[in-house]
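Welcome to a short tour of this structure. Please keep the sequence and the 3D view open as you read.

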Amino acid sequence: MPSLSLLRTAALAGTAAVALHAAPALAEAEFSLTIGGDAYFQGAYISQKQDSGLRSTEFSNRLRLTVTPSATTDNGLTYGARLRLVSGNGDPSVSSRTVENDRAYLYANGAFGTVQAGVVNGLSDEYGIIGPNTEGIAGSPDSNGILFLHGSSTYAALPLAATSLRTLVSYDTGTKFIYISPSFGGLQAAVSYTPRTGDSNSSVNRRKVDALGDALGFRDVVEAGAAFQNAFGDVTVEASAFYQTGKAVRQSDGIASQSFEDLNSIHVGANVGYGPAKIGVSYAYSGDSGYAKGIAQSRDQQNLIVGAQYLSGPLLFAANYMRALGNDMATMTTPAKADIWQGGVTWTVAPGLTTGLEYDYVRSTLSGGAAGGGDLTDRAHILMLDTRLAF
């Protein structure tokens, strides 16, 4: 299991390093180069009420490769950069063999804390606690199981809070500047600034108004919060709290225009562990953030997650429940809700190699979404085999 420490993204992983030397025109320094990554293959069987024209089986896979050059000065300053390449962007609607990057940033770490600058996800996406069952554990709300509902009317009708588990747009990898404090008794604070969501790498986008019909964007996004981790005898405690705010980007075609609600989102979570058992809870609230102003119906965006796990030798047993509320994520105009129950077992086959079996039950409702004007309801069963490699 990865450490909760906010400094982990600046830490080096792995045992093999290749010594490199800077160009003579730069200050002489010896850099180490660490290469790592992870991969998964998932296969699922899906049975659902709203499955007209759909198959019952599907596969999905992903590979990520992380490259980290770094150096350390005599006074203890560690500095470098990180690049993470990924085969696919996690969007189930895109069939592509294009390699993208979702991390590309400089960093420095010293007694002052850690600074990161570049393409990286939001603070709560990286450090916010969603219970004990995180990605890579069968039975996790972050396991991608519900993505196998894509292609059905149900998937687009889910509230955004069913897939955006922490602050509303913390998954965004727009170019950021981040500061993370040193640890004080297991407590670390952090703050980030993103000029424009979706604006990454060398892109420059200073617009305050987008074209009518463009994807929703936010500008001048600030996220701040803290995470805590410590042990008290045999009891471990982890907790986090983050707040995200920003201005919604207005859209116009020169004649008509549309404004959206500004971003205001919070996420809190906590875990308590004792021996091989751990329980946790997570809550996120984003209200009407991102909704078009003047829409006829709206439901506050929020989710509640409760989870537990138990470790027995190489087997990790996990159970999870989530309730998600909000408007549908396709149009963000119609109230929706979803209840998701998950359970799974993950087997550590060898160091860095796991395989897991997960069952998801999804019960969802889209208000007035049926052809006859009534509610569109669905009941879905997902059985997923998830094999992962971390190196």
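## Lys 278 and its surroundings

Let us start with a single residue: Lys 278 is found in strand 15. This is a predicted model, and in it Lys 278 has a relative accessibility of 18%. Since the cut-off for buried is under 20%, Lys 278 counts as buried.

Which residues does Lys 278 touch, leaving aside those up to four places away in sequence? The contacts are Pro 132, Glu 238, Asn 271, Val 272, Gly 273, Gly 307, Ala 308 and Gln 309. One of these contacts, Glu 238, is also a salt-bridge partner of Lys 278, with the closest N and O atoms 3.7 Å apart. Lys 278 belongs to strand 15 (residues 277-287) and Glu 238 to strand 11 (residues 235-248), so this salt bridge ties together parts that are 40 residues apart in sequence. Glu 238 is buried as well, at a relative accessible area of 14%.

## Strand 11 and its partners

Glu 238 brings us to strand 11, which is worth following on both of its pairings. Strand 11 runs antiparallel to strand 10 (residues 218-232), and 13 bridges join the two. To find your place along this pairing, look for Val 222, which stands opposite Thr 245 in strand 11. The hairpin of strand 10 and strand 11 has 2 residues between the strands, and in it Gly 233 takes a positive phi near 70°.

Strand 11 also pairs with strand 14 (residues 263-274), again in the antiparallel sense, over 12 bridges. Here a handy marker is Ala 241, which stands opposite Val 268 in strand 14. As you trace these strands, recall that side chains in a regular strand alternate between the two faces of the sheet.

## Salt bridges around Glu 135

How many salt bridges does the model hold? The count comes to 19. One of them joins the side chains of Glu 135 and Arg 62, with an N to O distance of 2.9 Å. Glu 135 sits in the loop between helix 1 (123-127) and helix 2 (153-157), while Arg 62 is in strand 3 (residues 57-72), so the pair connects parts that are 73 residues apart in sequence. Is Glu 135 buried or partly exposed? Glu 135 is partly exposed, its relative accessible area being 30%, whereas Arg 62 is buried at 12% relative accessibility.

Glu 135 forms a salt bridge with Arg 388 too, and there the closest N and O atoms are 3.4 Å apart. This pair links distant parts of the chain, 253 residues apart: the loop between helix 1 and helix 2 holds Glu 135, and strand 20 (residues 376-390) holds Arg 388. Arg 388 counts as buried, with 11% relative accessibility.

Turning back to Lys 278, its 18% relative accessibility places it among the buried residues. Elsewhere, salt bridges that share partners join Asp 38, Arg 62, Arg 64, Glu 135, Asp 386 and Arg 388 into one network.

## Aromatic pairs

The structure holds 4 aromatic pairs. In one of them, the ring centres of Phe 31 and Tyr 79 are 5.7 Å apart and the planes stand at 85°, so the pair is edge-to-face. Phe 31 is in strand 2 (residues 30-48) and Tyr 79 in strand 4 (residues 78-87), so the two rings tie together parts that are 48 residues apart in sequence. Tyr 79 counts as partly exposed, at 27% relative accessibility.

Tyr 321 and Trp 341 have ring centres 5.3 Å apart and planes at 45°, so this pair is tilted. Tyr 321 lies in strand 17 (residues 315-327) and Trp 341 in strand 18 (residues 335-350), so the pair connects parts that are 20 residues apart in sequence. Tyr 321 is partly exposed at 24% relative accessibility, and Trp 341 is partly exposed with a relative accessible area of 33%. Ring pairs link Tyr 321, Trp 341 and Tyr 361 into a cluster.

## Confidence in the model

The protein chain has a mean pLDDT of 92, and 92% of its residues reach 70 or more. Where should you take care? Residues 1-25 have a pLDDT below 50, although this stretch has 62 contacts in the model beyond near neighbours in sequence. Where pLDDT is low, the predicted coordinates should not be read in detail.

Conventions: Residues numbered from 1 in each chain as written. Predicted model: local features only at pLDDT ≥ 70, side-chain atom pairs only at ≥ 80, totals over all residues. Heavy atoms only, no water. Salt bridge = Lys/Arg side-chain N within 4 Å of Asp/Glu carboxyl O. Helix = DSSP H or I, 4+ residues; strand = E, 2+ residues; numbered from the N terminus. Buried < 20%, exposed > 50% of the residue type's maximum accessible area, 1.4 Å probe, protein only. Pairing = 2+ DSSP bridges. pLDDT = per-residue confidence, 0-100. Contact = heavy atoms within 4.5 Å. Phe/Tyr/Trp six-rings, centres within 6.5 Å; stacked < 30°, edge-to-face > 60°.
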